[in-house]
Amino acid sequence: MSLVINGNAVAGPSDPRVSLLDHLRETLHLTGTKKGCNQGACGACTVLVDGERILSCLALAVQYDGRRITTIEGLDAVGDLHPLQAAFIEYDALQCGYCTPGQICSAIGMVAEAQRGVPSHVSTDLAAGVTLTRAEIQERMSGNLCRCGAHNGIIDAIRATMAAEIMA
Amino acid sequence: MTPFRYLRAADVADAVKLGTDDGAAFLGGGTNIVDLMRETVARPDRLVDVTGLSDTITETADGGLLIGAAARNTAVAEHRAVRTRYPLLSRAILAGASAQIRNMATVGGNLLQRTRCTYFYDTDGSRCNKRAPGTGCDARDGFNRIHAVLGASDACVATHPSDMCVALAALDAVVHVNGPDGARTIAFDALHRLPGDRPDRDTMLAPGELITAIALPPLRFAANSAYRKVRDRASYAFALISVAAALEMDGDRIGDVRIAFGGVAHKPWRATRAEAVLRGGPATHAAYRAAAEAEFETARPLRDNAFKPELATRVLAAMLGDLAMGKLA
Ligand SMILES: Cc1cc2nc3c(=O)[nH]c(=O)nc-3n(C[C@H](O)[C@H](O)[C@H](O)COP(=O)(O)OP(=O)(O)OC[C@H]3O[C@@H](n4cnc5c(N)ncnc54)[C@H](O)[C@@H]3O)c2cc1C
Ligand code: FES
Ligand code: FES
């Protein structure tokens, strides 16, 4: 089996017990993706699979044969940084930085979902299009915890960059 | 995690063949079983990946919907027909887990996810009849804030954790399964079971039976429906209690109604008693409360969860009041 990680085809693990997270970190040495809880409860391990955000700690790598996986190391950069990375710095969207790669991958997946019209728990009208208000972003990013409490900065950074085209 | 073989099923027949062995388990998105395997609560020696099976959502001849078991939770919640004709189902899914988990989780896996009772997870330190039959239940006299108030037994007070299933119970969904003895359908309310003296069994599925699809029957007034969930934080937490309800008015009286509760029992709890109290009766706050009280008459609260019947009663009454006025959210 093989995985396409940040555009490169790489071999999958020989042991099916290995999670996508451990394969990224331990075998491929892509340590940008973080292990917080290893049980689906924090979002630090969020990566994009064919553009959709998932938790790599609950994903068995063998299940992702042939899929395109994007990690924080593989984001399109303008200069050194993805625009959202630059905004995280500008808006104080981090302190220790441990949750940051997961927050950024999650936000990119979140915007794609909103553009596709996926409603959220706080959407008042399920049939209407999505407007990424602050409350909507809060709910849609609730799968990514920040132990340092940088959530308000994170939402500011997302609003300043990614959400422009689908904001009220 | 104990070692296992990973096999990918090409179609339903292949999945059933590969899944018949003792020790085999089906694999959906893995968001529950991978965690349970890591904790050694589950120890399958073969995982049969069924995410390649049908994930389509199609109209049925009777005006309902057929949802393939491999459909991701997000795909169901965002489907236009689900959003407009069965809003309680969209809302229930969107109230659960996180976006990342909903992108991974399949319909089949959501139905068969296991309880979040902490004693069930605690392989090192706790007794649990669901995990290790015959050892006892440490939840019964332990920390049991999240546990059952209806239909529990001396052996087990665990709750079923799914939000989606509460909506499916209210909708009278039909579960399509296929197994070593062929294909059959199961009424949703008959899929999950009460614990009795066999809490190790969550459902009425036979060993090796695969869920292939869920059928939603047509229900005109499901368009006037909602889902409300009360939890310890605003998002990304399991339910303390939840309510799925659909209401049809007949003038100023209640024409028809569907109600199910989550977080109160070992299975998604279809509230047939409450429905019977309401049907044809007045649409008043007193009637809503009386209906919920009838449903919870047999409740047996534990040390930490006596708040559940009253909380569920208030949430139901508020919801029905809103639905009677056509307020959906
Ligand atoms: C941190 C966290 C928070 C969560 N919060 C919520 C919440 O608030 N509300 C909620 O409802 N859920 C919540 N969940 C649970 C989540 O919804 C389930 O884990 C998910 O729906 C399971 O789907 P899956 O496809 O990943 O199942 P898997 O983990 O792949 O499988 C689960 C079970 O189903 C069996 N199975 C899978 N597919 C089939 C099939 N087709 N036929 C027969 N058997 C099958 C497997 O053998 C296994 O026993 C949460 C999970 C996590 C980790
Ligand atoms: S490490 Fe995956 S969710 Fe916490
Ligand atoms: S910046 Fe420290 S956990 Fe988020």
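Which residues in H11(B) meet which residues in H12(B)? In this predicted model, local features need pLDDT of at least 70 and side-chain atom pairs count only at pLDDT 80 or more, while totals for chains, interfaces and linings use all residues. Residues are numbered from 1 along each chain as its sequence is written, chains are lettered from A and ligands numbered from 1 in the order written, and side-chain values use heavy atoms, leaving out hydrogens and water.

On the H11(B) side, the contact (heavy atoms within 4.5 Å) takes in His285(B), Tyr288(B), Arg289(B), Ala292(B) and Glu293(B); they meet Glu310(B), Thr313(B), Arg314(B), Leu316(B), Ala317(B), Leu320(B), Gly321(B) and Ala324(B) in H12(B). The crossing of H11(B) and H12(B) is right-handed (the near helix is turned clockwise from the far one by less than a right angle).

Turning to salt bridges (a side-chain nitrogen of Lys or Arg within 4 Å of a carboxyl oxygen of Asp or Glu), the structure holds 34 over all chains. One of them pairs Arg228(B) with Asp322(B), at 2.7 Å from N to O. This pair ties together distant parts of the chain, with Arg228(B) in strand S9 and Asp322(B) in helix H12 of chain B, 94 residues apart. Buried means under 20% relative accessible area, exposed over 50% and partly exposed in between, using a 1.4 Å probe and protein chains only. Asp322(B) counts as buried at 16%, and Arg228(B) as partly exposed at 24%.

Another salt bridge joins Arg145(B) and Asp232(B), whose closest N and O atoms sit 2.5 Å apart. Here Arg145(B) is partly exposed at 35%, and Asp232(B) is exposed at 53%.

How values were computed: Helix = DSSP H or I, 4+ residues; strand = E, 2+ residues; numbered from the N terminus.
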